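Trainee: Please take me closely through one part of this model: how its secondary-structure elements are put together. Keep it brisk.

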Amino acid sequence: MTGTRKSVVVLFLLPALVLLGALVVYPIGYSLIRSFYDQSGDSFAGFDNYETLFTDDGIRTALKNNVIWVVFAPTVATALGLIFAVLTERIRWGTAFKLVVFMPMAISMLAAGIIFRLVYDQDPDKGVANAVWVGVHDTFAESSAFPKAHPGRDSPLKPAGGGAFITKQPVGAGTPVALPLVGVAPDLMPDGAKKAATAEPADGKVTGTTWQDFTRGKGVGKLGGVDAAELGYAGMKIEAVKDGEVVATATAAGDGTFTLPAAADGALLRLPADNFKEPYNGLNWLGPSLVTPAIIGSYVWMWAGFAMVLIAAGLAGMPRELLEAARVDGANEWQVFRRVTVPLLAPVLAVVVVTLMINVLKVFDLVFIIAPGSSQDDANVLALELYRKGFASDQPGVASAIAVFLLLLVVPVMWFNVRRLRREVRR
């Protein structure tokens, strides 16, 4: 190459080299130098900032969480991408499904964080995750409709311990029993609740009514008596207790009336605590114990589509004759997938995993947005801790040390990726 041609090459490369130096080389070099200075930047601190990386509780928590992220997030996202790519390969609507799964990639991390902050809201009426979780839970263990119900003034009931209530006096057959309660707002009464009715006496049986003994308006309604506007406690469980043992049980109808057999004559009537337990409100997704898995879930939601698209491209270029040969030799679909498809996709899977590993080492947005202040320390990662040390705590030396440490963590992964790419080129 002549001197003129070398000059032309350098001239064309110069803008890129200047940008590379200004935006990459200089910041790395400055961060490296700054990491050896104290908070003010005037005094040389040696390796004190790097020592802080392994003694500061916040940084140690961030490092532990980064390990969790690196192990689980790329693995789960790649596994889901592989499953989606393989299962949708031969179906007619596979392209539409892939488009839907890939769509979260078009959303910024900030927007995804806001979305999942709402998804993980503790209130089942707001958070989708708890709405589904509570719905499944209540399918198998229905929550009480009367969590705030309790005896009012001059009530025939008294506390029985553990949240239950029991009559003060034994009941007798043929005499209707009144079990009035208060404390449940009219709009929170069960859907099956009807206007309360006074129970009719029945020979040899104990009858009664349990109802919401409250009518809106001052001086309206009679205390301890069933009024026209009051509703029965539909579904309330009643137990007849003698000598500490339950001898009969009943469930109130929509109008609050119930009937117990003759065995209840002379017993005390108890409203068990199950009637009044607080409704199940789901899991605290953003609490200290679940916040990191919850945020990883949002990351997987975003990046599973990326993994699926790359793996699907690898599947499209796979030699079909190898798959058919395996089937002809008697291999079932699981064996074909495990022994032929996955090994042939190994280079693509490696690309996906390595790319996601580099990506999760720098994760910041999702943790910063989704984790509330009360559990942000528990969800902390190195990139977030770098921001907190550098801007919130005014410790630029420690922040620079974290940046250098992150670079050192990324370099081996990048080196592995470069070696793998070179091997692919040689082939």
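**Pairing and packing**

Mentor: Start with one residue pair: L181 sits opposite Q212 of strand 4. The model is predicted, so local features need pLDDT of at least 70 and side-chain atom pairs pLDDT 80 or more, while totals for chains, interfaces and linings use all residues. Numbering runs from 1 along each chain as its sequence is written, and side-chain values use heavy atoms, without hydrogens and water.

Now the strands around that pair. Strands (E, at least two residues) and helices (H or I, at least four) are DSSP runs, numbered from the N terminus. Strand 3 and strand 4 (residues 206-212) are parallel, with 5 bridges. Two strands count as paired when DSSP finds at least two bridges between them. The sheet is open, has 3 strands in the order 3-4-7, and its pairing is mixed. Strand 3 (177-181) and strand 7 (257-260) are the edges, each pairing on one side only. On average, neighbouring strands here are turned by 25° against each other, direction ignored.

Next, strand 8 (residues 268-271). L269 and L271 form its covered face, and L268 and R270 its uncovered one. In general, side chains of a regular strand alternate between the two faces of the sheet. Strand 2 (residues 164-167) runs antiparallel to strand 8, joined by 2 bridges. There, F165 faces L271. Strand 5 (residues 237-242) is also antiparallel to strand 8, over 3 bridges. E239 stands opposite R270 in that strand.

Now the helices. The axes of helix 3 (residues 57-87) and helix 12 (residues 382-392) come within 8 Å and cross at roughly 155°. Axes are lines fitted to C-alpha atoms, for helices over the stretch in contact, and angles run from 0 to 180 degrees between N-to-C directions. Helix 3 is therefore roughly antiparallel to helix 12. The cut-offs: under 35 degrees is roughly parallel, over 145 roughly antiparallel, 65 to 115 roughly perpendicular, the rest oblique. G58, I59, A62, L63 and N66 of helix 3 make the contact (heavy atoms within 4.5 Å) with L382, E385 and K389 of helix 12.

Finally, the axes of helix 4 (residues 94-102) and helix 7 (residues 291-316) come within 7 Å, crossing at roughly 140°. This pair is therefore oblique. From helix 4, K98, V101 and F102 meet A304, G305, F306, M308, V309 and A312 of helix 7.

How values were computed
Buried < 20%, exposed > 50% of the residue type's maximum accessible area, 1.4 Å probe, protein only.
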